[in-house]
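Please open the model in your viewer, show it as a cartoon, and keep the selection tool at hand for the stops that follow.

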Amino acid sequence: AFGPLAAAVSAAGGLGTIAAISPTPARVEEEIRLVRSRTDRPVCVDIGFPARAPKDLSEVRLDRLPGPVARLQAEIEAEGVAVTPVEDQAMSIEDAKEKLDICFRHGVEVIACALGTPKWVVDACHERGVKVLSIVGSARHARTAIRNGTDVVVVQGTEGGGHTGDVGLITLLAEVLEFATVPVVAAGGIVHGGQIAAVLTMGAQGVWVGTRFIATPESSVGPNYKQSIVEADYDRTVRSLLFDGLYVRQIRNRFTEVWEGHEAEMLPYPLQRIAQGPTRFAAAAADLKHHQALPAGQGSSVIRDVIPAKEVLDRLVNETVETL
């Protein structure tokens, strides 16, 4: 989520997070300024540091578009939507460093490390009194993040939306709690307070909630994306490499269907991300219900409404207290 949602969550008593993987550094700075103008509460910025990220985007060359991407592009253009080059940074390390520096300049209180927690990032944050939160999808990655000095580990089960591992939350949480020396936060498919009460009882120190907050007025995605979450049935998500070459859980639609039977044409990360970029951004900007990527967790099946972020947070807290 971008500034308006992050500000609303922080103002309501949660830790609002700005998703900073795809936007340009200038856009990330703009969103941080927006949050600061609306609340004096702490904010988190989520930056990707994948081990396979190129040092610089100029190193990456894409020779041709895979067939499914070309098909998707033709269908999007048939809808009257122009597909043009995009500024997606493909999570290059230079880009991540620039965003980190912007966060430091603006006094961002928490940095979330997705897809890896390099020690240099932790050290740079701790030198400035910034907390580090690591989002992991396996016990092995949790061990590495703790060894590298992270302050909090967020264990995300395979139920979660976006980049996710293949172990369910209940098992993953139990595995990590056996050895964790820092607070552990649970994530993946959490949309009700009863679930929060359950993971707190297991030993989690809190929860990280994503998809439930996409279905809010403050969320930056279009109405069709939000409606797709509300309409999603229990079997509507798929976890696949098709989004960017790393495993992402998303709602099934035409964006995923064009790859069925053509999985062999998928490219490794970051080439797959670069190939998908123009069609993905064009479809999202036009809010095309069937052709845009819809990262979302399995919890979509029990999200029934689009309500303000504060109402979501209040509901979750009240349900948790009631269940406990």
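In what order do the seven strands of the open sheet stand? Bearing in mind that this is a predicted model, colour the strands and read across the sheet, which runs β1-β2-β3-β4-β5-β7-β8 with parallel pairing throughout. At its two edges select β1, residues 16-19, and β8, residues 206-208, each of which pairs on one side only. If you then look along the sheet, you can follow how neighbouring strands are turned against each other by 30° on average, with direction ignored.

Next, select residues 43-48 and 110-114, which are β2 and β3, a parallel pair joined over five bridges. Within this pair, show D46 as sticks and look across to β3, where A112 stands opposite D46.

Keep these strands on display and add the helices that lie across them. Residues 3-11 form helix α1, which lies across β1 and β2 and runs at about 165° to β1. Residues 93-105 form helix α4, which lies across β2 and β3 and runs at about 170° to β2. Strand β2 is therefore a useful landmark here, because α1 lies across β1 and β2 while α4 lies across β2 and β3, with contact taken as heavy atoms within 4.5 Å.

Now move to the second largest pocket, by selecting E159, G188, G189, I190 and Q195, the residues that lie nearest its centre among the 13 that line it. The space in this pocket comes to about 170 Å³. Which helices each supply at least two residues of its lining? Select 169-177 and 193-202, since these are α7 and α8, the helices that do so; of the elements involved, α8 gives the most, with three residues. Colouring the lining by class would show six nonpolar, six polar and one charged residues.

For the last stop, select I303, found in the loop between α12, residues 271-285, and α13, residues 309-323. Is I303 buried or exposed? Its relative accessibility is 0%, so I303 counts as buried, the cut-off for that class being under 20%. To see what surrounds I303, show V191, T211, R212, A215, I229 and V230, which I303 touches when residues up to four places away in sequence are not counted. Finally, draw a distance from the C-alpha atom of I303 to that of P23, which lies 280 residues away along the chain, and the viewer should give a separation of 27 Å.

Definitions and conventions
Residues are numbered from 1 along each chain as its sequence is written. This is a predicted model: local features need pLDDT of at least 70, side-chain atom pairs count only at pLDDT 80 or more; totals for chains, interfaces and linings use all residues. Side-chain values use heavy atoms; hydrogens and water are left out. Two strands pair if DSSP finds at least two bridges between them. Helices (H or I, at least four residues) and strands (E, at least two) are DSSP runs, numbered from the N terminus. Axes are lines fitted to C-alpha atoms, for helices over the stretch in contact, and angles run from 0 to 180 degrees between N-to-C directions. On a 1 Å grid over the protein atoms alone, a cavity is a set of points where a 1.4 Å probe fits but cannot get out, and a pocket is an open set with protein on both sides within 12 Å along at least five of seven lines; lining residues have an atom within 4 Å of a point. Grid points are joined across faces, edges and corners, and a volume is the space filled by probe spheres set on the points. Ala, Val, Leu, Ile, Met, Phe, Trp, Tyr, Cys and Pro count as nonpolar, Asp, Glu, Lys and Arg as charged, and the others, Gly among them, as polar. Buried means under 20% relative accessible area, exposed over 50%, partly exposed in between (1.4 Å probe, protein chains only).
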